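Trainee: Could you take me through one part of this model up close, starting with its internal space and then moving on to the strands? I'd like the cut-offs too.

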Amino acid sequence: FSFAADQHLIRDPDTAANNRIGTLDDLLAAGTAIFSRSSPATVWGRLGKLETVAAGVPRLSYDPASLVTSAATLQFRRGRRAVTVSAGFTFGAGTYIALTDPANPARWMRARVISHVGTLLEVDVYWVAPGANGSASAWSIIRSLGYLSEPARTNLAINSETFSLAPGIASVSKSQPAPDGTNNATLVVENTGSSEHYLNDISIAVTAGQTFTWSVYVHVLSSRNLYLRTATAVSAVSVFDPVAGAWVGSGTGAINARGFDVLPGGWYRVWMQVTAATTTNLVARVQLHNGTSSIYQGDGVSGLIVFGRQLEIGAYPSSYIATASSQVPRSGDLLTMDMAKLPSIAAGEYTILASGYARQLGVTGVICTPTNAAAKSFNDCIYFADGGTATTSAYMTIRSGGASAGGVGRIGYNYGPGGRITFAGRVKAGNSGLAVNGSPAISSSAALLPTLVMDRLVIGQDWGMTGNSANGWGGIIESVGMASRAMNDNEIVARSAA
């Protein structure tokens with residue numbers, strides 16, 4: 001199943017009578033796919049804006065950095081056509097994209113890129129939204145990534161979009177265009193004092209050893225640098241220049257990791273990961289920096305444009321969760337496939353193929369195959385895991401023995417931070433194997449491998465399949481496929497390199 005294309009699932013392709021093609025929506029309607037998430041969640045949509053998706057609706061994500069526009073007049077129909085687009089991003093051949101009428105987002109098309117040279121984009125449109133007809137003279141064009149799957153997270157920063165006056169600040173005004181299309185971004189202006197210039201702190205009780213990610217959106221039109229800081233439980237500072245779109249220095253204090261996402265409209269999401277050194281309060285702060293120091297003589301004019309603070313337990317920034325006067329949780333995404341309606345899988349052996357984009361190291365990517373989904377006896381699971389302290393390795397794990405895990409056979413492979421992961425996992429008693437990104441991993445011990453009979457494929461959640469675990473794949477799942485036989489070593493290496 002290709003989530004990036006969101007257009008095909010083939011059942012029993014060798015049997016013409018059972019051959020079927022459908023979208024993810026079709027599969028959900030037919031009960032072939034079952035999805036649950038008990039809370040709303042955000043995702044980058046087809047117009048390059050941060051959108052809120054209702055509870056119970058899967059998130060298909062688009063790459064906000066790839067957004068281009070066109071003033072060409074195109075008809076809503078399938079077929080090959082060429083269009084002149086704005087500069088700024090080049091789509092690779094074979095990339096799946098969405099073309100949307102910004103005046104009416106319900107009118108849109110899916111296409112695959114044939115070529116993109118300069119401002120000339122040639123595509124093959126393979127799907128048109130039901131009811132979309134005629135033509136449009138303006139288009140938003142963006143790369144389709146796939147299905148966004150995340151474990152449960154909570155934004156611990158209350159009033160995430162309300163930045164209040166604090167020492168060194170003359171004014172705050174929630175009046176600027178924001179990543180979600182509202183005018184809820186805040187213009188922060190420093191005063192003329194010689195001091196620190198910062199916004200109201202976030203302070204929460206933490207336990208030593210907990211890992212947190214602290215993030216905020218900042219705009220390129222800001223005239224001061226962003227000074228992202230934590231204190232008390234752990235002291236750490238990162239300085240980001242939103243005009244240059246770059247870090248200033250290497251940061252100070254106990255920073256585990258840091259990064260920033262480049263977003264449409266001049267926005268960046270800047271984040272850093274820290275671990276509490278003591279059991280006390282963690283103070284998280286958004287502060288101004290003049291390029292030299294965080295303590296300086298203000299000019300009464302300069303400042304920042306900011307939006308959406310988020311403090312969360314976890315090793316990477318998950319999708320944005322808006323808060324008001326209280327902390328807000330987001331439940332995990334849980335997508336399963338009913339194997340009774342998919343190709344039959346031989347008991348004891350099969351091959352799983354999957355690809356996706358991990359948010360960064362330390363997350364867990366999951367593909368789970370319980371033998372008794374109704375009773376939630378998750379005896380047999382295959383999934384990527386960080387292996388406890390081994391956060392630099394991806395694992396395919398075969399679990400048996402119910403919730404207590406019992407015997408575990410594990411295959412590890414170092415896949416590096418973030419980035420795209422493609423794997424092929426062979427499940428066969430006595431001869432299981434894994435290949436990741438075109439490189440093989442050793443076989444597991446035969447003694448630890450159960451005989452597997454599959455009735456449901458669980459995509460993206462932890463092996464407990466509760467939908468509310470803090471474990472699970474944190475990022476994009478691009479595609480998932482299965483073969484009803486155990487591919488040999490050469491085959492899984494070749495498939496994982498594709």
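Mentor: Here comes the walk-through, cavity first and strands after.

This is a predicted model, so local features need pLDDT of at least 70 and side-chain atom pairs count only at pLDDT 80 or more, while totals for chains, interfaces and linings use all residues. Residues are numbered from 1 along each chain as its sequence is written, and side-chain values use heavy atoms, with hydrogens and water left out.

Searching the whole structure turns up two cavities of 30 Å³ or more; a cavity here is a set of points on a 1 Å grid over the protein atoms alone where a 1.4 Å probe fits but cannot get out. Let's zoom in on the second largest cavity, with a volume of about 50 Å³ (the space filled by probe spheres set on the grid points, which are joined across faces, edges and corners). Eleven residues line the second largest cavity, and Ala4, Tyr62, Ile97, Arg110 and Ser144 are the closest to its centre; lining means having an atom within 4 Å of a point. Two elements each give two or more residues to that lining, β8 (96-100) and β9 (108-117), with β8 providing the largest share, three residues. Strands are DSSP runs of E, at least two residues, numbered from the N terminus. By type, the lining of this cavity splits into eight nonpolar residues, one polar and two charged; Ala, Val, Leu, Ile, Met, Phe, Trp, Tyr, Cys and Pro count as nonpolar, Asp, Glu, Lys and Arg as charged, the others, Gly among them, as polar.

On to the strands. There's an open sheet of six, in the order β14-β15-β27-β18-β24-β23, with antiparallel pairing (two strands pair if DSSP finds at least two bridges between them). The edges belong to β14 (169-176) and β23 (257-262); each has a single partner strand, so one side of each has no neighbour in the sheet. Within that order, β15 (residues 185-190) and β27 (residues 303-313) run antiparallel and are joined by four bridges. Val188 has Leu304 as its bridge partner in β27.

Then there's β25 (residues 281-289): eight of its nine residues are buried, so the rest of the structure largely encloses this strand. Buried means under 20% relative accessible area (1.4 Å probe, protein chains only). Strand β17 (residues 202-205) pairs with β25 in the antiparallel sense over four bridges, and Ile202 sits opposite Ala284 in β25. Strand β19 (residues 225-232) is also antiparallel to β25, joined by eight bridges, with Tyr227 standing opposite Gln287 in β25.

Key
1 Å grid on protein atoms, 1.4 Å probe; cavity = no way out; pocket = protein on both sides within 12 Å on 5 of 7 lines; lining within 4 Å. Buried < 20%, exposed > 50% of the residue type's maximum accessible area, 1.4 Å probe, protein only.
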